[in-house]
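Welcome to a short set of exercises with worked solutions. Have the sequence and the model at hand, and try each task before reading on.

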Amino acid sequence: MSSTITDADRQQVVTLTINGVTVSVNKGMTLVEAAWHAGISRVTSVGCLEGVCGSCRVMLGRGKEVTVGLACQTFVEAGIEVVFLPAASAPRHHYEIDDFQDGWDIHARFHEIFPEASRCRHCHGCVRSCPKGIAVEDGIALAAAGRYRDAGETFIECVMCELCDVACPELIAPAHVGLFCRRVTAHFHLRPPNLIFRLEAIRQSRMEPDHE
Amino acid sequence: MNKGVPLAEALALYHRAADRAPAPVLADIDTLLNAYHPDHARSSAIKLTVGVNAGDECQRDLADLLQAETFIDEANLAGAPVTDVDVLVVGGGGAGCAAALTASEQGARVLLATKLRLGDSNTVMAEGGIQAAIDPEDSVQCHIQDTLRGGHYGGDPALVAAMAGDGPDVLRWLINLGMQFETTPGGDLQTRRAGGMSVARLVYCRDYTGLEMMRVLREAVIQHRSIEVWEQSPVVELLSNEHGQKCVGAVVTSLIDGQVRIVRTRSVILATGGLGRLHLNGFPTSNHLGATGDGLVLAYRIGAKLRDLDSFQYHPTGLVNTPHLSGKLVTEAVRAAGAVLLNGNARRFIDELQPRDVVCAAIVRECAEGRGVDINGQRVGVWLDTPHLEQSQPGLLEKQFPNLMTRTRVSGIDPRAEPLLVYPTLHYQNGGAVIDANGATTVPGLFAAGELAGGIHGRNRIMGNALLDIISFGRRAGIAATATRDRGPKKVTLEHVNRLRRALTLAGMPMSRRSPQVLPPYAAKGLWNH
């Protein structure tokens, strides 16, 4: 069973570098545990420790190969070079959901807000950078074609680490495109009869004259 | 503690295909809780000596932080840059974002300061769902009754009624912001029943409900024109007027460069969440790294009354057999979907949908009496029978619990093939700051929302009420905090700090400890040097 293997793993020591500092830690630790264990300074980007908050972004160097990932989901390896990345800067695309008055012009609005979305050059940088294995490129193609529900569904596991935004040479900001797609789908199309019925019942009971 | 059934022996006794007998009937809930719930462990609670709650029971580790010295004195404030806003929101989780969005809807200039990254919170990790009485068989009244009963009638009925009554409108508000939920083929919101609910009331978005909520709220806050966000900016002290009687601002510091800043406000909304990362009574925790109870310390020092400081929720099913995920949750929804708990002898021992404190105490009992599963004498737990669930409803785990599957896959475990070892984990602070239905604390100018606030969940919270609580009271606090249109503070002081310092001296208490904690010690090394 995996638990016993993991216990045995934790007896072995591996050496790696984190933010340029050489550290020796037990195998089986995540990169976050290793950074804490070694007292690496300035590691402030740690959050949920279970891979859903997207904060602990790291760049991973294995020889000449460089990838990115989440430190709480990546285990230590001998010789790996780890650099904790700063948080993403503020998004360049701006909208407020209440700006949209109706759904008929949403396609035009989408391309105004995210003009780069139709310029994907299929470099796969976003797909390779995604720690959740999301088919980011396919999602962007769906969004550019106006298929917001399907595009949003592609991004269901997105943890907003914004690593794909960094990877995109066209500055598409795929994570924010994905979220836009999810949000407009709910905003315009989610009209559940059971909820609407209950809201109306509550409104009417408040209008009754004998209501306190 | 008695040794349990060794892992290999327990695995040999476990058979996925065997029929599961009904759970034994529980004779007496109170006896079980008193004997085995961690809140009742000997020496868990002490009486507070100073402050507005002097004489009240309080968990020991928390009491040390409440009755401690501050980091800030007048010298730190001289020359510190000053920012003026209408409303300061402290905390970047669901409650903080809801409060900030609502306050800005009211026309206030809002500053949101958060210790880590916006959205880093327990909200993002909530999996199971949010409660709202929308089913035809359900009613707001029924929701109120379930919440009060689940909390062993320790909750404030006015607060519970406010929250339950907000439920349907909270869903409407979230959908308007762009949050998705599961729907039936007919378009209704899908509901399901979980522990402590008399009818199906949990609405959800797969097992990503909190993530879906948080990324929508986070994006809405970032994109909002009149909300400013300071990340990596913990609040380490509040500011009071010259009498120490009203909250008029806060001292914000920076994890990046240590800079101290003064924020002057008309209102402060504390939404700093819980305190799992204090690891009370030595338990692992399901909580986010920032959950160190900072808001309780800030509120107590300025004189806000707190309540139920000896009551915490230990979630029954924290993972055991994955060291790096130790204490992380398997959502209660897995039990709601039909997974049962089995002890080391492969027998059921409790109705799995009893309130969380009861199930927790039952697991502690099984392990204490030698019926747990023992791993090398180091860790102990009971089985969560996911393979049997998979067998009875093939594909369910992959379809409804992708988060659980992804998380365990990283660790090389397949819950469809092997049962998960679980043990209770520190999950939620039941008590907190005393508030009214507007989220106002007992100190003028100071509001509290979310896990930090107390009185809603009594002595035990039922599933799905946390996500409702944070939006309901986040919005209420956001409205109330903008309603007071006085002319703002003339003078900001540390008078309340001096008051507590005098009380500590008079009581002969040690002044060596400083609080708030800000980060747990294991994460603070080399990072946050006071």
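**Exercise 1.** Find where D146(B) and R149(B) lie, and work out which of them is buried and which is partly exposed.

Step 1. Both residues belong to helix 6 of chain B (residues 140-150), where they stand three residues apart, about one turn of the helix. Helices here are DSSP runs of H or I with at least four residues, strands are runs of E with at least two, and both are numbered from the N terminus.

Step 2. The model is a predicted one, in which local features need pLDDT of at least 70 and side-chain atom pairs pLDDT 80 or more, while totals for chains, interfaces and linings use all residues. Residues are numbered from 1 along each chain as its sequence is written, chains are lettered from A and ligands numbered from 1 in the order in which they are written, and side-chain values use heavy atoms, with hydrogens and water left out.

Step 3. D146(B) and R149(B) form a salt bridge whose closest N and O atoms are 2.7 Å apart. The term asks for a side-chain nitrogen of Lys or Arg within 4 Å of a carboxyl oxygen of Asp or Glu.

Step 4. D146(B) is buried, at 1% relative accessible area, whereas R149(B) is partly exposed, at 40%. The cut-offs are under 20% for buried and over 50% for exposed, with partly exposed in between (1.4 Å probe, protein chains only).

**Exercise 2.** Which salt bridges does R416(B) make, and which parts of chain B does its pair with E398(B) tie together?

Step 1. One partner of R416(B) is E398(B), at 3.5 Å from N to O. E398(B) sits in helix 13 (residues 396-400) and R416(B) in the loop between helix 14 (402-410) and strand 19 (420-429) of chain B, so this pair links parts 18 residues apart in sequence.

Step 2. R416(B) also meets D414(B) in a salt bridge, at 3.1 Å from N to O.

Step 3. Now check accessibility: E398(B) is partly exposed at 36%, R416(B) at 28% and D414(B) at 26%.

Step 4. Elsewhere, D138(B), D146(B), R149(B) and R201(B) are joined into one network by salt bridges that share partners.

**Exercise 3.** Describe the interface of chain A and chain B.

Step 1. Start with contacts, meaning heavy atoms within 4.5 Å: 64 residues of chain A touch 78 residues of chain B.

Step 2. The two chains bury about 5900 Å² between them, with 52% of it on carbon and sulfur atoms. Buried area is the accessible area (1.4 Å probe) that two parts lose on being put together, summed over both.

Step 3. Seven salt bridges run between chain A and chain B. R225(B) forms a salt bridge with D99(A), with 3.1 Å between the closest N and O atoms.

**Exercise 4.** Examine how domain 1 and domain 2 of chain A meet.

Step 1. Domain 1 covers 2-84 and domain 2 covers 97-189, bounds that come from an automatic or database domain assignment.

Step 2. Their C-alpha centres lie 30 Å apart. The contact takes eight residues from domain 1 and nine residues from domain 2.

Step 3. About 640 Å² is buried between these domains, and carbon and sulfur atoms give 63% of that area. R57(A), V68(A) and L70(A) supply 60% of what domain 1 buries against domain 2, more than any other three residues.

Step 4. Across this interface the rule finds zero salt bridges.
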